[in-house]
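Hi,

Here is the structure I promised to send over. Have a look at it first, and then read on for what I found in it.

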Amino acid sequence: MSTPATSASPPCHCCSGKPLAQCCGIYLSGQVYPNTAEALMRSRYSAFVTGNLPYLTKTWHPDTCPELNSDDLTTRWQGLEVVKSKQGLKKSIVEFRAWFTDGDTERALHEISLFKLHKKRWVYVEPLDKWP
């Protein structure tokens, strides 16, 4: 029995079940830009896991992007669950839970995120208090 070539790639950090090279890896490397807000959110999670600061900055709306440095990327992320996603033409919403460890305790970040098209590309804007 032969093994597919993709099995050499580790699983993607975003918990999609796909190999990293065929999922967020293509976005993080700059080969392709995500064409949906959910794909962008998943790739941003992977960027947080790997400490890819340039990608996070590039995919954050310039009006809301904070000054980031490598010290902001020390969280040990453990997993991602997309709860719900609504893709729109100019704005989209993605609700997710991202697990991380805080000392010996596992915690979850639960967020409803707003994404908008900016210069024909999806970017993260901000967290929302509730679904609009």
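I'll start with a single side chain: glutamate 38 is partly exposed, at a relative accessible area of 24%. Keep in mind throughout that this is a predicted model.

What does glutamate 38 pair with? It forms a salt bridge with arginine 42, and the closest N and O atoms are 3.2 Å apart. The two sit 4 residues apart in helix α2, so about one helical turn separates them. Arginine 42, for its part, is buried, with a relative accessible area of 17%. That falls under the 20% cut-off for buried, whereas the 24% of glutamate 38 does not, which is why the two partners end up with different labels.

How many salt bridges does the structure hold? There are 3, and the one inside α2 is among them.

Another one is between arginine 97 and glutamate 81, with 3.5 Å between the closest N and O atoms. This pair links distant parts of the chain: arginine 97 belongs to strand β2 and glutamate 81 to strand β1, 16 residues apart. Both ends are partly exposed, arginine 97 at 29% relative accessibility and glutamate 81 at 32%.

Then there is aspartate 102 with arginine 107, whose side chains meet in a salt bridge at 3.0 Å, N to O. These two also count as partly exposed, with aspartate 102 at 40% relative accessibility and arginine 107 at 41%.

Now for the sheet. It is an open one of 4 strands, in the order β1-β2-β3-β4, with antiparallel pairing. The edge strands are β1 (76-86) and β4 (121-128), each of which pairs on one side only. From one strand to the next, the twist averages 35°. Helix α2 (residues 37-50) packs on this sheet and touches β1, β2 (91-102), β3 and β4, with its direction making about 170° with that of β1.

If you want the pairing in more detail, β1 and β2 run antiparallel and are joined by 9 bridges, and a hairpin of 4 residues connects them. One bridge to look up there is arginine 76, whose partner in β2 is threonine 101. At the other side, β3 (residues 105-118) pairs with β4 in the antiparallel sense over 7 bridges. Phenylalanine 115 stands opposite tyrosine 124 in β4. As general background, strands of a sheet pair through backbone hydrogen bonds, either parallel or antiparallel.

On to the inside. Which residues have the most contacts within the largest nonpolar core? They are Cys14, Met41, Leu80 and Phe115, in a core of 29 residues. At least two residues each come from α1, α2, α3 (53-58), β1, β2 and β4. Helix α2 gives the largest share, 6 residues. In soluble globular proteins, nonpolar side chains tend to be buried together.

Leucine 80 is worth a click. Leaving out its neighbours within four places in sequence, leucine 80 is in contact with Cys14, Cys15, Met41, Arg42, Tyr45, Phe96, Arg97, Ala98 and Trp99. You will recognise two names from the salt bridges in that list: Arg42 and Arg97.

Compare that with valine 83, which is also found in strand β1. Is valine 83 buried or partly exposed? At 35% relative accessibility, it counts as partly exposed. Apart from neighbours within four places in sequence, valine 83 is in contact with Glu95, Phe96 and Arg97. If you want a distance to check in your viewer, valine 83 and valine 32 are 25 Å apart, C-alpha to C-alpha, and 51 residues apart in sequence.

Last stop is serine 9, in the segment before α1 (24-28). Serine 9 is buried, with a relative accessible area of 19%. What does its side chain reach? A polar atom of that side chain lies 2.9 Å from the backbone nitrogen of alanine 21 and a polar atom lies 3.4 Å from the backbone nitrogen of leucine 20. Not counting residues up to four places away in sequence, serine 9 touches Pro19, Leu20 and Ala21.

Cheers

Conventions: Residues are numbered from 1 along each chain as its sequence is written. This is a predicted model: local features need pLDDT of at least 70, side-chain atom pairs count only at pLDDT 80 or more; totals for chains, interfaces and linings use all residues. Side-chain values use heavy atoms; hydrogens and water are left out. Two strands pair if DSSP finds at least two bridges between them. Axes are lines fitted to C-alpha atoms, for helices over the stretch in contact, and angles run from 0 to 180 degrees between N-to-C directions. Contact means heavy atoms within 4.5 Å. Buried means under 20% relative accessible area, exposed over 50%, partly exposed in between (1.4 Å probe, protein chains only). A polar contact is a pair of N or O atoms within 3.5 Å; within protein, one must be able to donate a hydrogen and the other to accept it, and residues adjacent in sequence count only if both atoms are side-chain atoms. A nonpolar core is a set of buried Ala, Val, Leu, Ile, Met, Phe, Trp, Tyr and Cys residues joined through side-chain atoms within 4.5 Å. A salt bridge is a side-chain nitrogen of Lys or Arg within 4 Å of a carboxyl oxygen of Asp or Glu.
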